[in-house]
Amino acid sequence: MYILPIRKLRIMVLTLALISALIFLLPPTFTNKEEPLPQPQLAVSFSKTEIFPGDYFVIYVDNLKTTDEINILTELVGKTPPLISYRNGKIAVFAVNYRTKPGQYPLVLTINRNGQTIFEKKEEIVIAPKDFQTQYLQVTASQQATRTDALAQQDAVHVNKAKSVSSDTPLWEGLFIMPIEGRISTEYGLVRYINKVESGRHAGLDIAASRGTPVKAANSGIVNLSRLLNVTGNTVIIDHGMNFFSAYCHMDVLLVKDGDSVKKGDIIGKVGSTGFSTGPHLHWTISSGALFINPWLFLEEDPLGWI
Ligand SMILES: [Zn+2]
């Protein structure tokens with residue numbers, strides 16, 4: 001009979017103990033059960049849900065899949081704004097016309113994935129009352145003649161073209177700045193009467209300054225238009241990306257050209273009184289697409305700074 005030497009026996013016992021310890025300690029591999037990675041959750045957030053007529057708010061939908069469809073129903077705006085890709089999701093800028101009646105406006109946002117509604121959010125958007133100023137202007141017949149519909153329509157062709165192209169990434173950096181220092185001579189949204197006839201709302205800010213005052217780009221972007229127009233005179237339109245544009249009107253001279261890249265604070269022209277204007281001033285507007293919105297907001301908040 002063969003008897004194992006004690007030393008060999010000890011090694012065998014130790015090896016067996018080690019193997020069983022390993023089996024006990026190692027997780028069983030044969031089941032191969034992997035923990036699913038946590039999926040980023042869809043989330044919908046609003047920059048604001050209470051605004052004044054002529055202001056705007058932004059909806060951000062986070063963690064979308066590329067094939068997800070977003071539908072937004074509301075009577076607050078005539079046309080649903082475009083959804084623009086931003087970070088892991090999309091944004092929609094709701095620019096609200098200054099003629100919008102104050103009140104509560106329901107908004108329903110749904111997200112469909114593979115033909116099924118996977119998300120729904122209902123929100124009440126409050127449009128708070130705001131008293132816009134009124135202004136009565138007397139202009140001469142020759143000044144009035146510079147503002148015929150035909151001339152305005154010629155301008156609109158150029159302006160609409162300039163505002164139809166926008167970078168799909170933000171080109172602006174932080175807060176916007178006032179393009180010139182000066183007294184605000186006409187407020188945004190003011191109801192203007194020319195020779196006692198309502199001629200519409202004031203789409204931007206009029207800032208009074210002497211002829212030749214350098215005009216700064218309110219923020220960084222690309223010059224989409226720089227030319228003499230009939231009504232707004234020497235005009236510059238800057239694309240800031242995500243469908244935001246700023247415009248600078250009635251300038252004496254233009255110092256940039258179409259396609260120029262400008263940085264916040266760059267000099268783009270000089271104050272003048274070209275086009276339909278009663279004296280040297282800068283008419284400065286901000287729009288989301290073609291709709292003019294309250295420029296003051298851009299001096300106080302970065303449109304996407306809250307995301
Ligand atoms: Zn103006």
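In the predicted model, the largest nonpolar core comprises 53 residues, of which Phe94, Val236, Ile237, Tyr248 and Leu282 touch the most other members. Strand β17, spanning residues 244–251, gives the most to this core, with six residues. The core is not confined to one domain: at least three residues are drawn from each of domain 1 (43–127) and domain 2 (134–300). In soluble globular proteins, nonpolar side chains tend to be buried together.

The surroundings of one of these core residues can be described in detail. When residues up to four places away in sequence are not counted, Phe94 touches Tyr56, Phe57, Ile59, Leu76, Val77 and Pro81. Strand β6, which covers residues 89–95, pairs with β3 in the antiparallel sense over six bridges. Within this pairing, Val61 has Lys90 of β6 as its bridge partner. Strand β3 (residues 56–62) is also joined to strand β1 (residues 43–46), through four bridges and again in an antiparallel arrangement. Here the bridge partner of Val44 is Val61 of β3. Val61 is thus bridged to Val44 and to Lys90.

A further set of strands forms an open sheet. Its three strands follow the order β14-β20-β18, and their pairing is antiparallel. The edge positions are taken by β14 (214–216) and β18 (253–254), each of which pairs on one side only. Three bridges connect β14 with the antiparallel strand β20, composed of residues 267–270; among the bridged residues, Val215 is partnered by Gly269 in β20.

How values were computed
Residues numbered from 1 in each chain as written. Predicted model: local features only at pLDDT ≥ 70, side-chain atom pairs only at ≥ 80, totals over all residues. Pairing = 2+ DSSP bridges. Helix = DSSP H or I, 4+ residues; strand = E, 2+ residues; numbered from the N terminus. Core = buried A, V, L, I, M, F, W, Y, C linked by C-beta atoms within 7 Å. Buried ≥ 20, exposed ≤ 12 C-beta atoms within 10 Å, placed from the backbone. Domains from an automatic or database assignment. Contact = placed C-beta atoms within 7 Å.
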